[in-house]
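I opened my notebook to look through this structure bit by bit. These are my entries, in the order I made them.

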Amino acid sequence: MQKKVFQLLVNNTSGVLSRIAGLFARRGYNVESITAGATADPRITRITIVASGDDVILEQIEKQLAKLEDVRNIRELKPEVSVFRELLLIKVRATTEQRQSVIAVTDIFRAKIVDVAPESLMIELTGNQQKIDAFISMLDGYEILEQARTGIAGMGRGTEHIVYLD
């Protein structure tokens with residue numbers, strides 16, 4: 001099994017994300033993550049999908065996505081020529097005695113404390129998946145109360161692969 005990151009530029013119409021997710025569900029394809037957001041052009045939405053499977057499955061996924069009516073452009077984002085980021089919000093139980101050590105780990109990873117409560121800290125961290133995973137593993141001795149990860153957002157480096165749509 002391998003992973004591929006696909007970037008889709010789609011028409012910003014109601015139900016487009018549902019139709020894309022439906023394609024994966026109908027075919028039994030595995031989605032590791034899916035993120036969607038507006039582009040500089042309000043008519044277009046950028047969707048980043050991380051899918052896993054063998055070469056045949058991943059090729060089939062790309063072909064099936066390209067057939068969807070609202071898909072204007074699809075391409076694979078290769079790690080060596082792309083930048084990937086993910087957002088983590090994590091709430092950690094922290095007593096008064098534990099706070100300084102949690103803050104120290106937070107500082108090492110250049111994360112931000114975005115909420116402080118009497119018994120917990122909420123931390124925001126942005127980075128690649130490896131950084132997010134490493135941060136979570138450093139919090140192993142603490143009770144993680146809640147956690148939310150956005151999934152990958154990605155773009156190709158430089159101006160070489162910019163897609164201009166009419």
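**Entry 1: the largest pocket**

How many nonpolar, polar and charged residues are in the lining of the largest pocket? I sorted the lining by class and got eight nonpolar, five polar and four charged residues. Before going on, I noted that this is a predicted model.

I then looked up the space inside the largest pocket, and it comes to about 320 Å³. The lining has 17 residues. Nearest the centre I found Leu9, Arg46, Met155, Ile162 and Val163. I also checked which strands take part: S1 (2-11), S3 (44-53) and S9 (153-156) each give at least two residues to this lining.

**Entry 2: the second largest pocket**

Next I turned to the second largest pocket, which holds about 260 Å³ of space. I found 13 residues lining this pocket, and Val5, Pro79, Phe84, Gln129 and Ile152 are the ones closest to its centre. Two or more lining residues come from each of S1, strand S5 (82-93) and helix H4 (129-138).

Which element gives the largest share of this lining? I looked, and S1 does, with three residues. By class, I wrote down six nonpolar, three polar and four charged residues for the second largest pocket.

**Entry 3: stepping back to the whole chain**

I wanted the overall layout, so to speak. The chain has four helices and nine strands. Reading along the sequence, I wrote the pattern down as β-α-β-β-α-β-β-α-β-β-α-β-β. The C-alpha trace spans about 55 × 35 × 30 Å along its principal axes. I also looked up burial: of the chain's 166 residues, 37% count as buried.

**Entry 4: salt bridges**

How many salt bridges are there? The count I got is eleven. I picked a few of them to follow up.

My pick from S1 was Lys3, which forms a salt bridge with Glu32, and the closest N and O atoms are 3.8 Å apart. Lys3 is in strand S1 and Glu32 is in strand S2, so this pair ties together parts that are 29 residues apart in sequence. I checked Glu32 for exposure too: its relative accessibility is 39%, so Glu32 counts as partly exposed.

Then I tried Lys4, which forms a salt bridge with Glu76, with 3.6 Å between the closest N and O atoms. What does this pair tie together? Lys4 sits in strand S1 and Glu76 in strand S4 (residues 71-76), so the pair links parts that are 72 residues apart in sequence. Lys4 has a relative accessible area of 18%, so I put Lys4 down as buried. Glu76 has 23%, so I put Glu76 down as partly exposed. I also found that Lys4, Glu76 and Lys78 are joined into one network by salt bridges that share partners.

One more for this page: the side chains of Arg43 and Asp41 meet in a salt bridge, at 2.6 Å from N to O. Asp41 is partly exposed, because its relative accessibility is 21% and the buried class stops at under 20%.

**Entry 5: an odd backbone angle**

I went looking at phi angles. Most residues other than glycine have a negative phi. Arg110 is not a glycine, and yet I found a positive phi of about 55 degrees there. Where is Arg110? I traced Arg110 to the loop between helix H3 (99-108) and strand S6 (112-117). Is Arg110 buried or exposed? Arg110 counts as exposed, because its relative accessibility is 75%.

**Entry 6: a nonpolar patch and a hidden isoleucine**

On the surface I found a nonpolar patch formed by Leu17, Val31 and Ile34. Together these three have about 190 Å² of accessible area. I looked up Ile34 and found it in strand S2 (residues 30-38). Ile34 counts as partly exposed, because its relative accessibility is 34%.

I finished with another isoleucine, Ile90, which has its place in strand S5. Ile90 is buried, because its relative accessible area is 0%. I also took a distance from C-alpha to C-alpha: Ile90 and Val114 are 9.9 Å apart in space and 24 residues apart in sequence.

Methods: Residues numbered from 1 in each chain as written. Predicted model: local features only at pLDDT ≥ 70, side-chain atom pairs only at ≥ 80, totals over all residues. Heavy atoms only, no water. Patch = residues over 30% accessible without salt bridge, like charges linked within 9 Å, V, L, I, M, F, W, Y side chains within 5 Å. Areas by Shrake-Rupley, 256 points an atom, 1.4 Å probe, with all protein chains shown as cover. Salt bridge = Lys/Arg side-chain N within 4 Å of Asp/Glu carboxyl O. Buried < 20%, exposed > 50% of the residue type's maximum accessible area, 1.4 Å probe, protein only. 1 Å grid on protein atoms, 1.4 Å probe; cavity = no way out; pocket = protein on both sides within 12 Å on 5 of 7 lines; lining within 4 Å. Points joined across faces, edges and corners; volume = space filled by probe spheres on them. Nonpolar A, V, L, I, M, F, W, Y, C, P; charged D, E, K, R; others polar.
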